[in-house]
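Colleague: I would like to go through this model and check the labels put on it. Shall we take them one by one?

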Amino acid sequence: MSEIKFTAEDILHKQFKEKSIGIGYDRAEVDAFLDDVIKDYDTFHSELKRLKNENERLRAKVDELNRQVEVGSNMSHSANEGGQPVSSATNMDILKRLSNLERRVFGTQMGNGESDDSDSHLL
């Protein structure tokens, strides 16, 4: 991208040399046009600044997600070295569920008929 030559302030304060009377452009029309150019210039400058900030934010997010993927990849690689499948459930969750199932199955089979509903949310 080429370098920006003028700021909105430069455009606002630009003075043109006047030639002899009757030659040239209508000063009011030129001033009105330049006012519109300044407004557009300010809008583009604001949008450029917003996009640069968003770009920085998104780059930081991508970096963070890449670090998380790398950590997750390292963890799954370590877990798979022993031939164990990777699971999103922790060992503690699995043990709790297994214990709850055993109580329900074996408690019912033994004929005591007691069922512990307090842990039903673990299934």
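**Salt bridges and labels**

Modeller: Start with the salt bridges: the count comes to three by the rule used. Keep in mind that the model is a predicted one.

Colleague: What makes E47 and R50 a salt bridge?

Modeller: Their closest N and O atoms are 2.7 Å apart. The cut-off is within 4 Å, between a side-chain nitrogen of Lys or Arg and a carboxyl oxygen of Asp or Glu, so the pair qualifies.

Colleague: Where do E47 and R50 lie?

Modeller: Both are in helix α2. They are three residues apart, about one turn of the helix.

Colleague: How do you know that E54 and R50 form a salt bridge?

Modeller: The N to O distance is 3.2 Å. The limit is 4 Å, so the label holds for E54 and R50.

Colleague: What separates E54 and R50 along the helix?

Modeller: About one helical turn, because they are four residues apart in helix α2.

Colleague: Why is E64 said to form a salt bridge with R67?

Modeller: The closest N and O atoms are 3.1 Å apart. That is within 4 Å, so E64 and R67 meet the rule. E64 and R67 are three residues apart in helix α2, so about one helical turn separates them.

Colleague: Which residues are joined into one network by salt bridges that share partners?

Modeller: E47, R50 and E54.

Colleague: Why is E47 called partly exposed?

Modeller: Its relative accessible area is 33%. Buried means under 20% and exposed means over 50%, so E47 falls in between.

Colleague: What makes R50 and E54 partly exposed?

Modeller: R50 has 41% relative accessibility. E54 has a relative accessible area of 29%. Neither value is under 20% or over 50%, so both residues get the label.

Colleague: How do you know that E64 and R67 are partly exposed?

Modeller: E64 has a relative accessible area of 31%. For R67 the value is 47%. Both lie between 20% and 50%, so partly exposed is the right term.

Colleague: Which residues form the negative surface patch?

Modeller: D26, E29, D31, D35, D36 and D40.

Colleague: What makes D31 fit for that patch?

Modeller: D31 lies in helix α2, residues 27–81. Its relative accessibility is 40%. A patch residue needs over 30%, so D31 passes on area. Asp counts as negative, so its charge fits too. At 40%, D31 counts as partly exposed.

Colleague: Where is D10 found, and why is it called partly exposed?

Modeller: D10 is in helix α1, residues 8–12. Its relative accessibility is 37%. That is over 20% and under 50%, so the label follows.

Colleague: How far apart are D10 and I38?

Modeller: In sequence, 28 residues; in space, 9.3 Å from C-alpha to C-alpha.

Colleague: How do you know that the pattern is α-α-α?

Modeller: The chain has three helices and zero strands. Read along the sequence, that gives α-α-α.

Colleague: How many of the residues count as buried?

Modeller: Of the 123 residues, 6%. The chain exposes about 11400 Å², with 56% of it from carbon and sulfur atoms.

Colleague: What share of the contacts joins residues at least 24 apart?

Modeller: The share is 38%, among contacts between residues at least 6 apart in sequence.

Technical notes
Residues are numbered from 1 along each chain as its sequence is written. This is a predicted model: local features need pLDDT of at least 70, side-chain atom pairs count only at pLDDT 80 or more; totals for chains, interfaces and linings use all residues. Side-chain values use heavy atoms; hydrogens and water are left out. Helices (H or I, at least four residues) and strands (E, at least two) are DSSP runs, numbered from the N terminus. Buried means under 20% relative accessible area, exposed over 50%, partly exposed in between (1.4 Å probe, protein chains only). Contact means heavy atoms within 4.5 Å. Accessible areas come from the Shrake-Rupley method with a 1.4 Å probe; for residues, only the protein chains shown count as cover. Patches are made of residues with over 30% relative accessible area and no salt bridge: like charges are joined within 9 Å, nonpolar side chains (Val, Leu, Ile, Met, Phe, Trp, Tyr) within 5 Å. The place of a charge is taken as NZ of Lys, CZ of Arg, CG of Asp or CD of Glu.
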